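Please open the model in your viewer and keep the sequence panel beside it. The tour below goes from one selection to the next and says what is found at each stop.

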Amino acid sequence: MRTIDQTTQEVLVLASKHFQVPAQSLAPDDDFFRKLGINSLQALELLSRLENHFGIELPDYEVQGVSDFRTLASRIQSRL
Amino acid sequence: MLDLSKYQSVGAALKDALDQFAAEVCLIESDREREKERLTYREFKQRAHPLAKALQDTGFNAGDRVAIIMTNQSKWLISAYAIFYCGGVLVPLDYKLTPEEQWQLLLHSSSSVLITEYPIWRQLAASPLRNSATNLKTVLVTEAPPNADLSGAVRWEEFRSNSEPAFVPRQRSDVATIVYSSGTGGRPKGCMMTHENYLQQCIALTSIYPFAPGFRYLSILPTNHAIDFMVGFFGPFICGASVVHLRTLRPEYVREAFPKYKITYVSLVPLVLKNLQRGLQARFDALPPGKRKIFNALVAVNKALTKNHPRPGLSRRLLKQVHEGFGGELRAIIVGGAFTEPQTLQFFYDLGIPVANGYGLTEAGTAITVNDLKPFRADTVGKPLPGMEVRILNPDSEGIGEISVRSKTVMSGYLNEPELTAETIVDGWLMTGDLGRFDSAGHLQLSGRKKNMIVTEEGKNIYPEDIEAAFESLPVKEFCIFAANYIWPQRSMIGEQLVLVLHLEQGQTLSDELRREISARNSRLLNYKRVHGLVLVNEDFPRTASLKTKRNILAERLAQSDRASAILPL
């Protein structure tokens, strides 16, 4: 079972790969909309990638209003 | 389709529709690849009546207000029908608002009942503003987990009474809904929409874009939005058509829904339409040269053959693969909520997929004008719908003035705002605050907002939205144009300028190449129409739930900066 820190790191790495930015430029408390410069449609694409990676389903309502990596990771962690 | 002229209320029409189309499928709900629900009109009624009766058992009276805060799903529509059946007033609220904003509107609307989803209620219940909403007597939550803390709410699924409810008739002039118009900022604007408004709007819209049993509408825009409420609920229901809800709005599932459910209509905002366009264009560009050549030739043939009017059968044969991707039965994409670039509209039309663009606002009862495709025009927002009187107030030398509307679809007023109502509806005419003109063919062309404009030294009125088309497809994340004086008001009317507000892509800089591109496009404009400066922003443009840019909010944000240092020379 992953720890929350591991999950958070994996989220950061996947986001950096998906949007082609250096992993070290992202931090858990970053607002991913602002930091990655993405819109809501692109955020949904990232969610699909995260679901595939972690083998979970993340309902839309679980991520409604979530904009930082740490909270996103905690929502994923709760479904692992 | 029911003859709506015979009905007094939305509830009465829906009630008859459920009986008339009893065996037809009215709702399909899908979550990812799984179909969760498929209801006929008969089954829909069987779900709604116990809810209506339970509401009546609480002492619910005609005119009582019920708020719905839900994502698009079957329980949204079942609840709305039950409310209308009981003679209630529906208050559809945006599920993407913050809990504080939602409480503000719940309070403002004096809603006595709230119907919402458990995850939304979880956040609402935790808000300190909860205690202020003393008007709220009953909260129903859907899909709460078995051991969930309901914080005083009742499970929607268990709130039912098995005896038959009594239908409560309403008059056309009675308020049916209170819809908060988005993008206005400041004090809430609750548009009081009457039953008459909806009945008339539905008659007008379905005369151009008809529904019928077997038609399937993909409901993506939030149902609290005026467009989806009309074309994703009331319109299809009174025609016996089906509404498809997706519980997961990931792009891949939306794409899959088209062929899976053979969608007939879908409504999108320009941002999503443009995203769709980009995806398609990338696919076309990836074709091997030989195939691309053939494809381009077929598009050219389709374009020539559909010049005067759409020919869906022909287009589907010519461009089979494209149409199969959309399910092969798509009649039109309805686009609304914001200005759509003509190039995007033309892109889809050339593929044989008409885009029903139009112009409207909540206060007018959804749509004022719609493109009737006779012929398709990418450069206008179409002609006034039947029953709409549209006039241009104080037209200038180019025929441009404020658009005003008189129609049975215009709201009765803003809730608790008699002064604002009097400013907005003058002698029966709704003042839209938007500017436009009619061309010789009777098509409305939008020219901007009333206050966001400049007057040049040559005496020319320039509207930013006119100029934006010149910058379409600019390689930046998003952009828009403002009159600098709209952002930073000045008393002087001399030396007004337009500024191009840019939000660059992550990691992108205002390079010399980008500057050259902007300058080249700018120079193609007539000299008095050119932008004179750039303003860079580093965060997303604020958007409504329907992804429409909140220009006024963006302008307010920009106004926080110093004008002189914010405007970079071009």
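## Two helices of chain B

Begin by selecting helix α6 (residues 195-208) of chain B and helix α7 (residues 226-239) of chain B in this predicted model; their axes come within 10 Å and cross at roughly 80°. That angle makes α6(B) roughly perpendicular to α7(B). To see where they meet, show the side chains of Y198(B), Q201(B), C202(B), L205(B) and T206(B) in α6(B), and then those of M230(B), V231(B), F234(B), G235(B), I238(B) and C239(B) in α7(B), since these are the residues in contact. If you colour this contact by class, you will find eight nonpolar residues, three polar ones and no charged ones.

## A helix pair in chain A

Move next to chain A and select helix α1 (residues 4-18) together with helix α5 (residues 69-77), whose axes come within 9 Å and cross at roughly 120°. The two helices, α1(A) and α5(A), are therefore oblique to each other, and α1(A) passes α5(A) in a right-handed crossing. On the side of α1(A), the contact is made by I4(A), T7(A), T8(A), V11(A), L12(A) and A15(A), while α5(A) brings F69(A), R70(A), L72(A), A73(A), S74(A), I76(A) and Q77(A). Sorted by class, the contact of α1(A) with α5(A) holds eight nonpolar, four polar and one charged residues.

While chain A is selected, colour it by confidence: its mean pLDDT is 88, and 99% of its residues reach 70 or more. Within chain A the confidence is highest in α1(A), at 95, and lowest in helix α2 (residues 32-36), at a mean of 78.

Now follow the chain to Q20(A), which lies in the loop between α1 and α2 of chain A. Is Q20(A) buried or exposed? Q20(A) counts as exposed, because there are 9 C-beta neighbours inside 10 Å. The backbone deserves a look as well, for Q20(A) has a positive phi of about 55° although it is not a glycine.

## Where the chains meet

Show both chains together and select the contact between them, which takes 16 residues from chain A and 17 residues from chain B. On the side of chain A, the elements that give two or more residues are α2, α3 (40-54) and α4 (60-63), and the largest share, five residues, comes from α3(A). By class, this side of chain A has eight nonpolar, four polar and four charged residues.

Then select helix α5 (residues 118-126) of chain B, whose buried residues are P119(B), I120(B), W121(B) and L124(B). What do the buried residues of α5(B) pack against? They pack against α4 of chain A, together with β3 (65-69), α4 (99-108), β5 (113-117) and β6 of chain B.

## Single residues in chain B

Go on to S112(B), in the loop between α4 and β5 of chain B. S112(B) counts as partly exposed because it has 19 C-beta neighbours inside 10 Å. Setting aside residues up to four places away in sequence, S112(B) touches D64(B), R65(B), N135(B), L136(B), K137(B) and T138(B).

The next stop is S151(B), in the loop between β6 (138-142) and β7 (154-155) of chain B. Phi of S151(B) is near 50°, a positive value in a residue other than glycine, and the residue is partly exposed, with 13 other C-beta atoms within 10 Å.

Further along, select P375(B), whose place is in the loop between β15 (366-370) and β16 (383-384) of chain B. The bond to look for is the one that joins K374(B) and P375(B), a cis peptide bond with omega of about 0°.

Finish at I425(B), in strand β20 (residues 425-426) of chain B. I425(B) is buried, because 20 other C-beta atoms lie within 10 Å. Apart from its neighbours within four places in sequence, I425(B) is in contact with V410(B), G413(B) and L430(B). A distance drawn between the C-alpha atoms of I425(B) and T544(B), which are 119 residues apart along the chain, should read 24 Å.

How values were computed. Residues are numbered from 1 along each chain as its sequence is written. Chains are lettered from A and ligands numbered from 1 in the order in which they are written. Axes are lines fitted to C-alpha atoms, for helices over the stretch in contact, and angles run from 0 to 180 degrees between N-to-C directions. Helices (H or I, at least four residues) and strands (E, at least two) are DSSP runs, numbered from the N terminus. Angles under 35 degrees count as roughly parallel, over 145 as roughly antiparallel, 65 to 115 as roughly perpendicular and the rest as oblique. A crossing is left-handed if the near helix is turned anticlockwise from the far one by less than a right angle, and right-handed if clockwise. Two residues are in contact if their C-beta atoms, placed from the backbone, lie within 7 Å. Ala, Val, Leu, Ile, Met, Phe, Trp, Tyr, Cys and Pro count as nonpolar, Asp, Glu, Lys and Arg as charged, and the others, Gly among them, as polar. pLDDT is the predictor's confidence in each residue, from 0 to 100. A residue is buried if 20 or more other C-beta atoms lie within 10 Å of its own, exposed if 12 or fewer, and partly exposed in between; C-beta atoms are placed from the backbone.
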